[in-house]
Amino acid sequence: MKTPQISIVAPLYNESETFPLLVQRINALMDASPLSIEVVLIDDGSRDDTALKIRQVALMDERYHGVFLSRNHGHQLALTAGISAARGTEALFVIDGDLQDPPELLPEFYKLLKEGNDVVYAVRKKRKEGFVKRMGYYWFYRILRSISYVDIPLDSGDFALISRRVVDVLNKMPEESRYLRGMRSWIGFKQIGYEYERDARAAGESKYSFKQLFRLAYNGIFNFSEFPIKFMSRVGMAAIVISLIYFATVVLKKLFFAHVIEGFAALLFVIILFSGVQLLALGIIGEYVLRIFFQSKNRPLFIIKEEIVNREYI
Ligand code: UDP
Ligand code: MG
């Protein structure tokens, strides 16, 4: 096998059910393609026999490259491990292992890459998910875009074809709480969207728990915007101005009307209101401090237990 031009990178967590179809569709794609392609499959500490299946295919077929993490690290870190293990010299094609991102789009993405784009990212036209989830995604991306200091495209996930030079930059970004689609946008170069309809999962259920999804959204907001902290300082400033005006009116009343008794209820109200504001502000500062704390540990992002790979061209 020649040194791969393209690496297909797919993280898998308990995807035993979809696995045979995934391999079948990728094989069909590779057989029809003139490109030399390797397939990096990352086992993210699966509890079913996904790891076993990756092992089998990687041992039998030299185009497959298995990366086995020591435990479940979560989608973003599994992807990070796969991206750094991939050796495609031209580009990396990042897809979900559940076939929601059709691998068959590779030739079209590749064409756009060859036209001078460094990142071809997929934009979801339609989602085949429940109403609540769709609404959640819809608003999340719009809010994030409006407050972020990076131009993160709407409705695009990690599904993308990324050029080698952008991948090299990604591999040099050691940040701990990763929001890859934001990091990818931050890197720059020429990026272009490709509209597609996101399929339903081939089998099984979403492996993203509500908590994980929430954490991803959180990472998007806190890592790619200064809005929460800026907003709080603006509220703080407004509170100071309001309290000064209030103080001035009290003084004036006292001077001109004498014997003014100010209500305790109002006082209490103001105290409670602003303790609330302060607590909220502290919480938000805490979010940023927490990120500094985790980053300062400088831990490795992922731990690979084993790798099965064709060593000929390393
Ligand atoms: N995934 C992973 N580790 C996890 C959760 C998910 O590697 O902890 C993989 C999963 O196997 C799939 C991809 O990430 O290939 C996307 O996950 P999922 O389909 O569950 O997310 P959704 O499409 O529902 O957002
Ligand atoms: Mg999915």
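**Reading the fold of a predicted model**

Over residues 7-168 the chain is 41% helix and 24% strand, with the end C-alpha atoms 14 Å apart. The model is predicted: local features need pLDDT of at least 70, side-chain atom pairs count only at pLDDT 80 or more, and totals for chains, interfaces and linings use all residues. Residues are numbered from 1 along each chain as its sequence is written, while chains are lettered from A and ligands numbered from 1 in the order in which they are written.

Reader: What makes a stretch a helix or a strand here, and how many does the protein chain have?

Author: Both are DSSP runs, numbered from the N terminus: H or I over at least four residues for a helix, E over at least two for a strand. By that rule the protein chain has ten helices and eight strands.

Reader: What does UniProt call residues 7-168?

Author: UniProt lists them as "domain: Glycosyltransferase 2-like", from an unreviewed entry. Bear in mind that UniProt positions are given in the numbering used here, feature names are shortened, and annotations may be inferred rather than shown by experiment.

Reader: Why are β7 and β8 said to stand at the edges of the sheet?

Author: Two strands pair if DSSP finds at least two bridges between them. The open sheet has eight strands, running β7-β5-β6-β4-β1-β2-β3-β8, with mixed pairing. β7 (191-197) and β8 (304-308) each have a single partner strand, so one side of each is left without a neighbour in the sheet.

Reader: How do you know that β1 and β4 pair?

Author: Set the bridges against that cut-off: β1 and β4 (residues 91-94) share four, in the parallel sense. In β4, V94 is the bridge partner of V9.

Reader: Which residues count as nearest to ligand 1, and what makes a residue near?

Author: Near means that the C-beta atom, placed from the backbone, lies within 6 Å of the molecule or strand. Of the 16 residues around ligand 1, P11, Y13, G97, S206 and K207 come nearest. β1 (6-12) and α3 (75-85) each supply at least two residues of that shell.

Reader: What does UniProt place at residues 231-252, and how much of the span is helix?

Author: The unreviewed entry places a "transmembrane region" there, and another at 264-290. Residues 231-252 are 100% helix and 0% strand, with end C-alpha atoms 32 Å apart.

Reader: How does the protein chain stand against a compact globule?

Author: The radius of gyration is taken over C-alpha atoms, and the globule rule is 2.2 Å times the number of residues to the power 0.38. For 314 residues the rule gives a value near 20 Å, but the protein chain has 25 Å.
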